[in-house]
Structures are given as structure tokens and as C-alpha cells.
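Let's take a walk through a protein model together, looking at its rings, its domains and its charged pairs. Keep the 3D view open as you read.

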Amino acid sequence: MSQQMQRIALASRPTGAPVAENFSFESVAMPIAKDGEVLVKLHYMSLDPYMRGRMDDAKSYAAPVAIGGTMEAGAVGEVISSNSPDFQPGDFAFGMFGWASHGCLPANQLQKLDPNHGPLTTALGVLGMPGFTGWHGLNTYGKPKAGETLVVAAATGPVGSMVGQLAKQAGLRTVGIAGGADKCALATAKFGFDICLDHRAYADANSLRKDLAVACPDGIDIYFENVAGKVLEAVIPLMNPHGRIPVCGMISWYGGAQGADATLTAPMIWRNILVKFLSVNGFIIMNHFDQYPEFLKQVGPMVAKGEVQYIEDIAEGLENAPAAFMAMLKGGNMGKQIVKLI
């Protein structure tokens, strides 16, 4: 076993969009599993928009990554050393190991995986945190009803595509919003959206709203919020009375620079919430993992049967994680962004 491992640390805090200089590729000593701990050789790691928030030294629902600390990420890999009776060498596990080639965590912080149930990568996407986010937010806060209309942006991403497919199966009209004609075509052909609008084709929220109104002739009952910005501006006036807005992210405003250009105003938002009796629910999925087994029970068989489709965008090599992450924040990925480590 090599006595060294590789990791990517936070070298400096970004101002606005991250740049390559914010990351540092390092070789460090291999950890040794202590009592109750498990050492894992990582095969794949996840890249997700929430990681941008962890790079800021700002009060939030989770502590920021320290300067010099390993960037945070969920990852999957093979157990190579265990001091826990719950794991044996050769087992596969998921955990919050970070941007690294290896990881060592207490066994009670890991999820054992069965590679016979599907590719390991699904634990990072369609059957992992993103898919679970879509399932939980839609069912718990969206409360879909047959005949209603749902709108979700980032429609080909792991959250948006889960939301759209589950809503379609529940009998809703599903309207996706994505960045680029290729993604819009994918949203309808692979994920079954009734229509998908390319937000990059519209100069502002008003022009997007005009076509969105045509796509949603009966108004919008559920807006699954994960991007904010121009899309939120376009959607809010089209919401129906008693509409629901689950809020799991706002990627277009991450980093602050994009938000500075936003024209959406608090009076506009709050007036629509008031006069249309809207229900707006923010949620952080890490607070709801008691429901994860039920998610797997319901959605796992659907994925196995092909009833829920997914796409993975896999970058090669830990050293390429920063570039893949920066591209993802600008919509450069197609599907769930993953980094292959071996």
C-alpha cells in the first residue's frame, strides 16, 4: 500500500466564480484506520453546486472548508483496511471523503454499497443525494396532483431530471428549463418533459416569461427552485393560487457576482407570495436522511427497470476536478457531474 495519497485542498477563497488558483493539488500522508474507522480507496467522487458555498467563509447551514482543508465531497470506493466489524476489505462504501484518492472515516458515517444493485456511480447521483433531493422536495413540499403543471430548471441535471420524471409519472404537465438546445432536446427525448425552454435564448426574464406562459397555458402549480435568477423572475408572476415552491438551491446566485445583477425585488416576490397564497419551503436534504431508505425502496426498482432515466458526465482524474467543477457551475456538464479517480 502506498504511504501517500492525493487530495485537492482549498488554497484561497474565491471572489465570485472560482478560479484554478483557489485549489491546490497535494500529496499527503496516507491515513491509518483507528478503532471503529474504515480506510477506503476511492473510485469516484461527486461534484455538486453546494460545494461553491463551502468555499466561502460565511455563516450557513454547514461550516465552510478551512483554508488548507480538503474540499468536501461524497465519494464511493473499495475498503482496503477496516477496524470495524461492519466493514471488511473488499466491501464498497459511500461517505463524505472529500476531493481525494483515499478517505478514512468512522464506520457509522458510511453507507455500505452492493455493486450488484447497479453501478457504483448511481450512489452519487440518481440514487444518491441529488436524486433523493428531487424525490423529497417534490413529494414533501411540491405535493403533486395529476393535471397540474410543474416547472423545473436545470432539467437535465440529476435533481431536475428526477423531479421531472416523477412528476410526469404522477400525471402532471412537465416544463423544463435548461441551458442550450442540446440539453432541451435531451430533456424531452430522454426524460419525458412535455416541453423544455432554453434560458440562454432569452435576453431577460420578461422575454422568457412570454414563452413560459405559452408553455404553461393553465399557469404554474409547482416551481421546483434550484437556480433562481432570471428563471425565478420569469416564473413568479405565472404561479397559480396555492402554488408550491420547494427551494433546494439557487445556483445562478452562488458567488455573489451574479446576484449583483439581479433585478428581482423583494416586494415583487413577497406580494406574489401573499396574494397567491404560495407555499415556499426551503430545505437542506442532509436534514432528511431518515427518509433515505424509503427513497431507495421506491426509486431503486424504478431505476433498475429503466423507468427512471439518468445521465452521468464523468471527468477523468482527481487533478481535473477543479476544471470540471468550474465548468459545472456555468452549466458545462450534461447530467450528473462525477470524477473518476482510478
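Two rings of Phe, Tyr or Trp (for Trp, its six-membered ring) count as a pair if their centres lie within 6.5 Å; planes under 30 degrees apart are called stacked, over 60 edge-to-face, and the rest tilted. By that rule, there are twelve aromatic pairs here. Before we go on, some housekeeping: this is a predicted model, where local features need pLDDT of at least 70 and side-chain atom pairs count only at pLDDT 80 or more, while totals for chains, interfaces and linings use all residues. Residues are numbered from 1 along each chain as its sequence is written, and side-chain values use heavy atoms, with hydrogens and water left out.

**Rings that meet**

Start with Trp99 and Phe325. Their rings sit edge-to-face, with 5.5 Å from centre to centre and 75 degrees between the planes. Helices and strands here are DSSP runs numbered from the N terminus (helices: H or I, at least four residues; strands: E, at least two). With that in hand, you can place the partners: Trp99 is in the loop between β5 (92-95) and β6 (102-106), and Phe325 is in helix α10 (residues 321-329). The two are 226 residues apart, so to speak distant parts of the chain that get linked by the pair. Are these two residues buried or exposed? Both Trp99 and Phe325 are buried (buried means under 20% relative accessible area, exposed means over 50%, and partly exposed is in between, using a 1.4 Å probe and protein chains only).

Another edge-to-face pair is made by Phe224 and Phe283, at 6.5 Å centre to centre and 80 degrees between the planes. Phe224 belongs to strand β11 (residues 220-224) and Phe283 to the loop between β13 (279-282) and α9 (292-304), so this pair ties together parts that are 59 residues apart in sequence. Phe224 and Phe283 are both buried.

Rings can also gather in groups. Phe132, Trp135, Phe289, Tyr292 and Phe295 make up one aromatic cluster.

A ring can have a charge for company, too. A charge sits over a ring if NZ of Lys or CZ of Arg is within 6 Å of the ring centre and within 35 degrees of the ring normal. The charged end of Lys112 does this with the ring of Phe87, at 5.2 Å from the ring's centre.

**Two domains and their interface**

Now zoom out. The domain assignment (bounds taken from an automatic or database assignment) gives domain 1 as 4-121 + 311-340 and domain 2 as 129-285. Taken over C-alpha atoms, the centres of the two domains are 29 Å apart. Domain 1 puts 14 residues into the contact and domain 2 puts in 15 residues, where contact means heavy atoms within 4.5 Å.

How much area do domain 1 and domain 2 bury between them? About 1200 Å², with 73% of it on carbon and sulfur atoms. Buried area here is the accessible area (1.4 Å probe) that two parts lose on being put together, summed over both. On the domain 1 side, look for Tyr61, Ile311 and Met334: they supply 36% of the area that domain 1 buries against domain 2, more than any other three residues.

**Charged pairs**

A salt bridge is a side-chain nitrogen of Lys or Arg within 4 Å of a carboxyl oxygen of Asp or Glu. The rule finds zero of these across the interface of domain 1 and domain 2, while the count for the structure comes to seven salt bridges. The table lists some of them.

| Acidic residue | Basic residue | N to O distance |
|---|---|---|
| Glu26 | Arg7 | 2.8 Å |
| Asp56 | Arg52 | 2.9 Å |
| Asp194 | Lys168 | 2.6 Å |

Take Asp194 and Lys168. Asp194 lies in the loop between α4 (181-189) and β10 (195-198), and Lys168 lies in helix α3 (residues 158-169), so the bridge ties together parts that are 26 residues apart in sequence. Asp194 is partly exposed, at 34% relative accessible area, and Lys168 is partly exposed at 35%.

In the Glu26 and Arg7 bridge, Glu26 is partly exposed at 23%, whereas Arg7 is buried at 15%. For the remaining row, Asp56 is partly exposed at 23% and Arg52 is buried at 2%.

**Two backbone oddities**

Finally, check the backbone angle phi. Lys143 is not a glycine, yet its phi is positive, at about 45 degrees. You'll find Lys143 in the loop between α2 (129-142) and β8 (149-153), and it is exposed, with a relative accessible area of 51%.

His242, also a residue other than glycine, has a positive phi near 65 degrees. His242 is in strand β12 (residues 239-247) and is exposed, with a relative accessible area of 51%.
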